[in-house]
Structure formats: C-alpha cells, structure tokens
Amino acid sequence: MTGQRKDVLIDCDPGIDDALAIALAHGSPALEIVGITTVGGNVALDLTTANALRLREYLGFPGVPVVPGSPGALLRPRLDAAAVHGDSGLGEVRLPPATLPPAPGHAVDFIIETLRARPGEITLTAIGPLTNVALAVRREPRLVEWARELVILGGSYTRGNITPATEFNMAADPEAAAIVFSAGWTVTMIGLDVSRSALATGAVLDRMRALGALGEDLLVPCAEFYGMVTATEGPAIHDACAVAYLIDPSLIEVEPAVVEVETLGRLTSGMTVVDFDLRGRTPNALVGTSIDVARFWDLAMSTYSRINPASRV
C-alpha cells in the first residue's frame, strides 16, 4: 500500500454510475487506483474502454493502466443498458477524446499479475458484470488468497432492477457470478438493497453544481441523464456506493450470509439467493443491508471537491 492508502484495482463497465464511482475513487485520499479493467456491460467493450480512457485523462491520472477485457458474458448474449446510460455509455457527458491508448494485454491477465505481484495488498472491486473476475479466478485459483478483499456492486436480497428477481450486473453474466461467489473468498456484496437509497435528489444536484468544473462537466450531466429529479426523488448512484464502502466501511451495514447465484431459473436467472441464517455454515459473503445516506453524500461531496479536472469539456 501507499502510506495509509488502500490500493484498489477497479473492474468496470463505464457507464454513468461507473464514472461517478471512478471519480470518487480518484478523489479520495484513502484510495489509490492501481489499475482499471473494462468489461462489456452497460455498453459494448469498445465504448466502456473508451469511456475509461477519457475519464482517466479528464480526471488526471494518466499513468494508471486501463486494460480491456471480456466483451460479453461467458455463455450468454450480452445484455445492453444503453437505454439507461445513453448510446455512448455516459449519457450527455462529452469528455475530450483520450490521447493515450489502453495498456497492452487482457484484463484477466492484468488482474492475475497485479495481485500476484503484491499478495494481500490490493483490493479488487468489481462494479460491472463479473466476467473478468470469474475468468481470472478460474485461471488462477490462488487469486482468492492474493486479493486483500473483493468488493462488488451487484445483486440483491429483495428485488431486482432488470427482472423482478435480478440486478443488472448479475443478470449480465449469471455463470460468472456463480463462479465468483463459490471461489472460496468472502465477497462483500453491495447490492440494490443499499444502492437504491443513494438518490441524487435536487438538493444533491445543487451540491454537485457548486463544485464547479467537475460538477458541470461530469457529475450533474450524469445524474440528470437518468431521469426526473425532484426534491425527494432522483436516480440511484449505484456503483459509487461500493467505492464509498472502500473509503469508509462504517457507512454501510453488512451482515454475513451464504450467497448462491441462480443460473437455471426461467424467471430468476442471475438472482443472488441470500441466506442470513447460517445454520452452522461458513458464510461466503458480507451483504450490505443499509447505508447512511446523509454521510454517504457528505463523503462524496467532500471527495469530489478535491478533484481539479486535468482537462475541460
């Protein structure tokens, strides 16, 4: 680790809320981004990678490797969320084109080699479909020992957002999710039960606007693109919740559980079946159950205020 910072490798599919999560990670003095890997998810892999590259240069960490990975799910057609995130994946945001290319190689190899080089030091956080992580742990099972921790954004123990039972990242690749949860590590699952509470209301957007360039260029256009914002309602900023947990775990209550991922159900494929009643079993997950929303937004705004974009739209 760098000083007291937590070193993090972010696997993602930018994506509006991925963009807000990456900005939160970059702005936090508690975190150091050591790499970003991309996966096909919210939009196609070429777009998620292009968005990660644009964010890297706009936010100002050009030395961090961005490595593209899997274009789609292990066994299924790729789900697409362009209707939610816009054709580009970043809604109405128009960041300057990246001038630096992605790093050579594949995300799976990068994940393995990065954690192999520094066992027990790097937190892996996955805020998109789990395809890259599943392939990495299948290729190198010791990954479960090398990761300091694995924190994901995905799943739910109540209801879904793609189907009544399934959250998008799990629905996008149920087989990959099943591999990850059964790999032998403890998965910290920050799911819809938490992230649905982190709403970008009108008051939140006002705080974003007050941040100047970052608010004008990125934060506000991202939040407004999702849909109607009122004094009490607004879009949920899902992925940033997982990063906020990395910064301050006390923001989110987690409970040990046994989690299995449904892969066969006609109506429930991708459902995270969460059993908090351990009955003597060893839990394979820590599942987020609630979030202190006021403290979450206070942390987010104070963190975003530290960012001085390296380029302007």
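Partly exposed residues are those between the two cut-offs on relative accessible area: under 20% is buried and over 50% is exposed. Keep that scale at hand for the exercises below, which all use a predicted model.

**Exercise 1. Place the two ends of the R209–E224 salt bridge on the accessibility scale, and find which helices the pair joins.**

Step 1: Start with the bridge itself. The closest N and O atoms of R209 and E224 are 2.9 Å apart, inside the 4 Å limit for a salt bridge.

Step 2: Take E224. Its relative accessible area is 41%, so E224 is partly exposed.

Step 3: Take R209. With a relative accessibility of 40%, R209 also counts as partly exposed.

Step 4: Locate the partners. R209 belongs to helix α10 and E224 to helix α11 (residues 213-225), so the bridge ties together parts that are 15 residues apart in sequence.

**Exercise 2. Describe how α10 packs against α11: what are the angle, the axis distance and the handedness?**

Step 1: Recall what is needed. Two packed helices are described by the angle between their axes and by the distance between those axes.

Step 2: Read off the geometry. The angle is about 165° and the axes of α10 and α11 are 9 Å apart.

Step 3: Classify the angle. Angles over 145 degrees count as roughly antiparallel, which makes α10 roughly antiparallel to α11.

Step 4: Add the handedness. The crossing of α10 past α11 is left-handed.

Step 5: List the residues that touch. From α10 come L205, M208 and R209, and they meet G215, L219, V220, A223 and E224 of α11. By class, this contact has 5 nonpolar residues, 1 polar and 2 charged. The salt-bridge partners R209 and E224 are both in the contact list.

**Exercise 3. Repeat the analysis for α10 and α13: is the pair roughly parallel or roughly antiparallel?**

Step 1: Get the numbers. Helix α10 (residues 202-209) packs on helix α13 (residues 293-304) at about 15°, and their axes are 10 Å apart.

Step 2: Apply the cut-off. Angles under 35 degrees count as roughly parallel, and α10 is therefore roughly parallel to α13.

Step 3: Note the handedness. This crossing is right-handed.

Step 4: Inspect the contact. V204, R207 and M208 of α10 touch W297, D298 and M301 of α13. The classes here are 4 nonpolar, no polar and 2 charged.

**Exercise 4. For the salt bridges R76–E175 and D109–R139, find how far apart in sequence the joined parts lie and whether each residue is buried, partly exposed or exposed.**

Step 1: Begin with R76 and E175, whose closest N and O atoms are 2.7 Å apart. R76 sits in the loop between β3 (66-68) and α3 (82-85), while E175 sits in helix α8 (residues 174-181), so parts 99 residues apart in sequence are tied together.

Step 2: Check their accessibility. R76 has 28% and counts as partly exposed, whereas E175 has 16% and counts as buried.

Step 3: Move to D109 and R139, whose side chains meet at 2.5 Å, N to O. D109 is in helix α4 (residues 107-117) and R139 in helix α5 (residues 131-139), so this bridge ties together parts 30 residues apart in sequence.

Step 4: Check these two as well. D109, at 36%, is partly exposed, and R139, at 52%, is exposed.

Step 5: Set the pairs in context. The structure holds 17 salt bridges.

Conventions. Residues are numbered from 1 along each chain as its sequence is written. This is a predicted model: local features need pLDDT of at least 70, side-chain atom pairs count only at pLDDT 80 or more; totals for chains, interfaces and linings use all residues. Side-chain values use heavy atoms; hydrogens and water are left out. Axes are lines fitted to C-alpha atoms, for helices over the stretch in contact, and angles run from 0 to 180 degrees between N-to-C directions. Helices (H or I, at least four residues) and strands (E, at least two) are DSSP runs, numbered from the N terminus. Angles under 35 degrees count as roughly parallel, over 145 as roughly antiparallel, 65 to 115 as roughly perpendicular and the rest as oblique. A crossing is left-handed if the near helix is turned anticlockwise from the far one by less than a right angle, and right-handed if clockwise. Contact means heavy atoms within 4.5 Å. Ala, Val, Leu, Ile, Met, Phe, Trp, Tyr, Cys and Pro count as nonpolar, Asp, Glu, Lys and Arg as charged, and the others, Gly among them, as polar. Buried means under 20% relative accessible area, exposed over 50%, partly exposed in between (1.4 Å probe, protein chains only).
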